[in-house]
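Notebook open, model loaded. I want to go through the charged pairs and then have a look at the strands.

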Amino acid sequence: MSALDFSEFDPFDDKLWKQQIQFDLKGKDYNKELIWESPEGIPVQPFYTKNNSQVTPIEDLPSTWQHSAQIYMGDNQVVEHLLKKRLDQGIRSFILVCDSPFDPSKVIDLLAHKNVQLILECSFLNRSWLQECMDKAKAAQIRLHLNQDPLHHLAKTGNWPAHPDNVFKPLYEVLKDMKYEGSALGVHSLLYAESGANNIQQLAYTLSQANETLEQLSQFGTLPESVCLNYTVSLGPNYFFEIAKLRALRQLSTLLGAIHNCTIKTHITALPAQRYMTLYDFNNNLLRHSTAMMAAVLGGADALCNLPYDHHYKKSHDFSQGLAENQLFILESEVFGTANANMASGAYYIEHLTEKLAEQALTLFKSIEATGGWLTTIKNGTIQRKIKERHEKSVNELETMGAIVVGLNKYPDATQKMQDQIELYPFQKMNPQKTLVAPIVPRRLTQHIELQRLNDEK
């Protein structure tokens, strides 16, 4: 088939497009009918062309993505069973969630020389144990992301994972010793999303947190020429904005490397945001997660970890866990078999959103740095207050039908009862205790309405 020839058609510029649309509106206001504003304050136009979008190449985009399975480190026999099962399924990336050191040999011996990636999620800092993990992973040819992020621990719990004077020095020593593929440093961005921050806030706070980490480490010596940062990100239902958010994050991360005179390699681990998971009509969470995971692929995530649709109120069980894994298997084998993040490059709308999110996040980042940086802003409560304000605004929009959650404030199943199905407390937990700073609190968007409905069941 010969190439399509459009030379017989006259060029149709943006102005003519807009004039035609206004004609079709038959007197209705173009701005009110077709332009809407995102929660970030970005006006979204009805169409985009190369004239109002700037195509910016993004460095270090992955050529493919890895299906990651999240495993809680508890009973050794259960962990071994889960690892073997997922290896048999073809999964080669594992997120190990642990609250205390475990014997790394139990895991690494099982995964040795199988082209496996390990991502640690530790709530503690143990220098000697991390060194042992590095040594064993290197010998077993396993890509290891230690994912150490003491600032995340401070933001989430209100306290440091160790004595403040003994946090960044051992982490700097770990960073210097890590001389193979993988990363020592993590930047957990998902806490901002889960607590209610909009996309611009998420990007700016994440960049500021990463910058604070590098500044703290540089007090103990020169940073390596190349540093790999593993960003853990959660994605909501706003499909195109989430794609653009990941692309903007990669751009901003590259810029951060220039600030610190080093090359930053960006690794992104993406999960669906629990903030948007609902208790009622919980099956809709499957659709929300599919949207989030598709956005992760097109946005350039390196690793995708899906969560069960009932993760927030049920103990782990094979049925929902199997559905979560199958969603990624379908994306991997049936939808995005040959796809990569470059597919979104050149899409005018996504390019425009990427530019605006990066631009406005950079402006907010600069204002944070001008007032003392991430640590200062966390200590004085500014970030916590801004996120809470955004959350309360989102809740108000939900209650006044300015925002829609299907199955909750629109098309609800009034006959559904959940009182007897709850195994885990799905609402914001209040555990007052003395902390150095006010913690950033994860909050599901729909919990206030759901709690009222749950009480009405009694």
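Which side chains meet in a salt bridge with 3.0 Å from N to O? I looked up Glu80 and found its side chain paired with that of Lys84, at 3.0 Å, N to O. I'm keeping in mind that this is a predicted model.

Next I checked where the two residues sit. Both are in helix H3, which covers residues 76–88, and they are 4 residues apart, about one turn of the helix. Then accessibility: Glu80 comes out partly exposed at a relative accessible area of 37%, and Lys84 is partly exposed as well, at 38%.

How many salt bridges does the structure hold? I get 11.

Second pair on my list: Asp177 and Arg127, whose side chains meet in a salt bridge at 3.0 Å, N to O. This pair links distant parts of the chain, with Asp177 in helix H7 (residues 168–177) and Arg127 in helix H5 (residues 127–139), 50 residues apart. I have Asp177 down as partly exposed, with a relative accessible area of 37%. Arg127 is partly exposed too, at 25%. I also noted that Glu173 joins in: Arg127, Glu173 and Asp177 are linked in a network of salt bridges.

Third pair: Arg247 with Glu351. Their closest N and O atoms are 3.4 Å apart, and I log the pair as a salt bridge. Here again distant parts of the chain are linked, Arg247 being in helix H10 (residues 239–259) and Glu351 in helix H13 (residues 348–370), 104 residues apart.

Are Arg247 and Glu351 buried or exposed? Arg247 is buried, because its relative accessible area is 1% and the cut-off for buried is under 20%. Glu351 is buried for that reason too, with a relative accessible area of 2%.

Now the strands. What does the closed barrel consist of? I count off 8 strands in the order E3-E4-E5-E6-E7-E8-E9-E10, with parallel pairing. I zoomed in on one pairing: E3 (residues 66–72) and E4 (residues 93–98) run parallel and are joined by 5 bridges. Within it, I see Ala69 opposite Phe94 in E4.

Last entry goes back to the helix I started with. H3, the helix that holds Glu80 and Lys84, lies across E3 and E4 and runs at about 165° to E3.

Note on methods. Residues are numbered from 1 along each chain as its sequence is written. This is a predicted model: local features need pLDDT of at least 70, side-chain atom pairs count only at pLDDT 80 or more; totals for chains, interfaces and linings use all residues. Side-chain values use heavy atoms; hydrogens and water are left out. A salt bridge is a side-chain nitrogen of Lys or Arg within 4 Å of a carboxyl oxygen of Asp or Glu. Helices (H or I, at least four residues) and strands (E, at least two) are DSSP runs, numbered from the N terminus. Buried means under 20% relative accessible area, exposed over 50%, partly exposed in between (1.4 Å probe, protein chains only). Two strands pair if DSSP finds at least two bridges between them. Contact means heavy atoms within 4.5 Å. Axes are lines fitted to C-alpha atoms, for helices over the stretch in contact, and angles run from 0 to 180 degrees between N-to-C directions.
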